[in-house]
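These exercises are to be worked with the sequence and the 3D structure open. Each task is followed by a solution in steps.

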Amino acid sequence: MVKRLHFVLFLLIISFSAALAQQTGILKGKITELATKEELPGATIQLVKDLSKGTATDINGQYYLELDTGYHQLIVGFIGLGSDTFSVRITANGIVEKNISLRPVAKTLETVVVSSGKFEQKIEDITVSMEVLKPNIINNKNTTSIETALEQVPGLSVIDNDPQIRGGSGFTFGVGSRVAIVVDGIPLLSGDAGRPEWSYIPVENIEQVEIIKGASSVLYGSSALNGVINIRTAYPRSKPKTIINYSVGNYSQPEAPAENWYNKSIPGFTNLNFLHSRIIKNNLDLVIGGNINVDQGYIGPPPQAPFLPTDLKQALLITDSIYTFSNNDMLKIRGRVNFNLRYRSKKFPGLNYGVNGNAMLNKTNMVFAWLDDSLGLYRGYPGAVFLENQTLFNFDPFIKYHTSNGVSHSLVTRVFHSDNVISNNQSNRGTMYYGEYQLQRVFKSLDLAFTGGVVGNLSQSQSRLYASSGSPNNRIINASGYVQLDKKFWRILNMSGGFRYEYFKMNNQQSVVAPIFRAGANLQVMRGTFVRVSYGQGFRYPTITERYITTKAGMFGIFPNPDLKPEQSRSFELGLKQGFKIGSFTGYFDMAGFYQKYKNTIEYLFGVWDPSVALVGFKFVNTGDSRVRGVDMSIAAASPETNKRFGITALIGYTYIEPVSLTPDSVYAHTKNLSGGPGEALSYKTSSMDTTGNILKYRFKNMVKADVEFKIFKFGFGVSYRYYSRMQNIDKAFATLEEVTYNAYPYMNKIKAVNFWKSHDGFNIFDARLSYKLGEKQKLSLICNNVFNLAYSLRPMKIEAPRTTSLQYVYSF
């Protein structure tokens, strides 16, 4: 009997202890942003001792978390804001309410990016070099096309629409970009030419721009040979937002002599951006924006071409007539509308799907050469100006699902269509079909992230320009798969490694496959001090344009090269990022040494290729191996936005590169003479104007970029600075081109390019802006670019814009 009582008592004690152990309480509250008082949907609340346990706020910024009884320490975080920790005591069946306001204290250092690993990471934790361009600098500089803002990024230059990162490419009229341009992680280069359409990118709806420096082909594919520019668009917050941005301005009369520049009138421009974003019924996100731009441009129409006798036309193989342009022909008119639509499921938490879109009509022109390098800097050369009417649109359906255990599924697609109607039989039309499925698993308890995906890409083009392939209809098929692992050890060491396998096939040519690898590590050695090392491979398959384009204008032509080989690269980098805080002013200093080696480098070369078609012209050619090494430094800093009286933001950088040919004597092509017989054997040395040190063509060895803005009560003042050292080497063909046109004078305008290049040792360009807040909703700004009205050129035979002055009005509500 006693034994039974002992047994019953034992069971009661065990049951009571288990009941006590299982007792829980509730923690709830709201997470808001301190500066705006807005609720923060999607903010995370996690246990410090076990980050796998936690929750996220709902659409109203509210959270609800069941915890065991006792004391707990928790951490709260939200993308783009600082984190916060707090402690609570949970009692049995009790309810504790804790509201947290997050403040953007160390905003610059705690910038969150997604481009490096395709998941959210703090910028100081990533293993590659990256710069982040915030929307403030884009808006404050009155940016109407994103490439003008990108010019302020350290280590990045845009030469006549062609992006270059750390001197990784020369000048190719923007064809076959070595830098991947992606919007929300999806490529946005034209399918036939691999050319960026800068004016098509919606500058009115940008969350931030992330620029990866160095080979990034593992995650972003073929075009990311030298890096990535990822434009991230914004979704609505809890409060509806509408922004209207209107500006008007003009180009100043050039300081350099300009013969009959627009008949001595002053060309102007006007621009209107609008944006509206809101959440409808708590789970439907809507963003709609647009742009209207009218710009007379700063390049005046070319003069009427000289009369050519019939026998000279035949001798120069000129069969087409050259159009006479008017001021009205040079007028550019653009209209664009875009939208983001996303539905967040109530029935299935973590599921969202929707469609994004963009469409543009654009009347524009392309000027490939100035009239001459003295009086004709700001006028086009007869036969080198083309009129263009563009119709572009894309639709991007997507579906994403995030589970509570850290698994994410993503399917994103894009249909991108371009129709370019261009004068002189240069028209082309193409469509790109893109799809990517990605699986991601974040193991919070292991500090491990797995990312894997498969990609399919079909680019089709219809144009007589590419008929040398055997048909005006051409296509490229690309399929690939990738895997990347990111692991954090001891909370101070991040390690990353990835692999991609690419498959390409153009028309009926033999398919090409390429394995690509990358690896990197980031070690936090002290508080705010991070050392990183990375290695990456790059691979770029030639575009349809590079292999098959055949066209001519006047005596000049562009010739095909169906045997063009893919480019390959290897990139190595050692970098240091040091955070700092001076009072409330926070930021980081970043320095990196880099080494990049290229195989089968593709360049755009001038020569006599086929005199039966056109007397002289250009051709894409593999020019051997090359190497670029150097040092890249930058400082990014900002004071907190919560200070309404005074503030400062800064982005400053310096880049030094040493770009050299590793095969300067290797013969990579043969031209012909004017009678059609064997011509010159082309190598780096025989095709270069200056072979000192075997420096590659069209590179700036030194670049300095700076943008600083001050805020004092309602006033704001900003200044930008850019320095480009002298471009040491260009094609010797420009001297040949001058000789050909001199011999044909007066029946042909003389082309002049070499003297301008020789007589300038570098360029210093300053911009300035002044703003005043008329209230909480309105701002008026005066913006002046190229303040000192400098006549400068970033590539031969193309002058950049003179001084522009504009007045900008922004209304936000």
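**Exercise 1. Backbone angles in two loops**

Task: Decide whether Arg491 is buried or exposed, and state in which loop Arg491 is found. Then do the same for Asn600, buried or exposed.

Solution. The model is a predicted one.

Step 1. Arg491 has a relative accessibility of 54%, and the cut-off for exposed is over 50%, so Arg491 counts as exposed.

Step 2. Arg491 belongs to the loop that runs between strand 27 and strand 28. Its phi is near 65°, which is positive, and the residue is not a glycine.

Step 3. Most residues other than glycine have a negative phi.

Step 4. Asn600 also has a positive phi, of about 60°, without being a glycine. Asn600 is placed in the loop between strand 34 (585-599) and strand 35 (602-607). With 17% relative accessibility, against a limit of under 20% for buried, Asn600 counts as buried.

**Exercise 2. Surroundings of two buried residues**

Task: Find which residues Ser418 touches and which residues His72 touches, leaving out those up to four places away in sequence.

Solution.

Step 1. Ser418 is part of strand 24 (residues 407-422). Its relative accessible area is 6%, so Ser418 is buried.

Step 2. The residues touched by Ser418 are Thr391, Leu392, Asn428, Arg429 and Gly430, when residues up to four places away are not counted.

Step 3. His72 sits in strand 5 (residues 70-77). With a relative accessible area of 10%, His72 is buried.

Step 4. On the same kind of search, His72 touches Leu47, Leu67, Phe86, Ser87, Val88 and Ile90. For His72 and Ile90, the C-alpha atoms are separated by 7.8 Å, and the two residues are 18 residues apart along the chain.

**Exercise 3. Nonpolar cores**

Task: Which residues touch the most other members of the largest nonpolar core, and which strand gives the most to this core?

Solution.

Step 1. The largest nonpolar core has 114 residues, and those touching the most other members are Leu133, Ile146, Leu150, Val209, Ile229 and Ile799.

Step 2. Strand 14 (residues 179-183) gives the most to this core, with five residues.

Step 3. Another core, of 17 residues, lies apart from it; Ile31, Leu74, Val88 and Ile90 are among its members.

Step 4. Take Ile146 for a closer look. Beyond its neighbours within four places in sequence, Ile146 is in contact with Ile138, Trp198, Ile201, Val203, Ile206 and Val209.

Step 5. In soluble globular proteins, nonpolar side chains tend to be buried together.

**Exercise 4. Aromatic pairs and charges over rings**

Task: How many aromatic pairs are there, and are Phe504 and Phe715 buried or partly exposed?

Solution.

Step 1. The count comes to 21 aromatic pairs.

Step 2. Phe504 and Phe539 form one that is tilted, with 5.9 Å centre to centre and 35° between the planes. Phe504 is in strand 28 (residues 493-506) and Phe539 in strand 30 (residues 529-540), and the pair links parts of the chain 35 residues apart.

Step 3. Phe504 has 4% relative accessibility and so counts as buried. Phe539, at 6%, counts as buried.

Step 4. Phe715 and Tyr772 form a tilted pair, at 4.8 Å centre to centre and 50° between the planes. Phe715 lies in strand 42 (residues 715-725) and Tyr772 in strand 43 (residues 762-773), so this pair ties together parts 57 residues apart in sequence.

Step 5. Phe715 is partly exposed at 49%. Tyr772, at 32%, counts as partly exposed.

Step 6. Tyr251, Phe269, Tyr298 and Tyr378 are linked by ring pairs into a cluster.

Step 7. For charges over rings, start with Lys577: its charged end sits over the ring of Tyr588, 3.8 Å from the centre. Lys487 lies over the face of Phe489, at 5.2 Å from the ring centre.

**Exercise 5. The largest cavity**

Task: Which residues are closest to the centre of the largest cavity, and which strand gives the largest share of its lining?

Solution.

Step 1. The whole structure holds 14 cavities of 30 Å³ or more. The largest cavity has a volume of about 500 Å³.

Step 2. This cavity is lined by 32 residues, and the closest to its centre are Ser222, Ser223, Asn457, Asn478 and Phe504.

Step 3. Elements giving two or more residues to the lining include strand 14, helix 4 (217-220) and strand 28. Strand 26 gives the largest share, four residues.

Terms used:
Residues numbered from 1 in each chain as written. Predicted model: local features only at pLDDT ≥ 70, side-chain atom pairs only at ≥ 80, totals over all residues. Heavy atoms only, no water. Buried < 20%, exposed > 50% of the residue type's maximum accessible area, 1.4 Å probe, protein only. Contact = heavy atoms within 4.5 Å. Core = buried A, V, L, I, M, F, W, Y, C linked by side-chain atoms within 4.5 Å. Phe/Tyr/Trp six-rings, centres within 6.5 Å; stacked < 30°, edge-to-face > 60°. Lys NZ or Arg CZ within 6 Å of the ring centre and 35° of its normal. 1 Å grid on protein atoms, 1.4 Å probe; cavity = no way out; pocket = protein on both sides within 12 Å on 5 of 7 lines; lining within 4 Å. Points joined across faces, edges and corners; volume = space filled by probe spheres on them.
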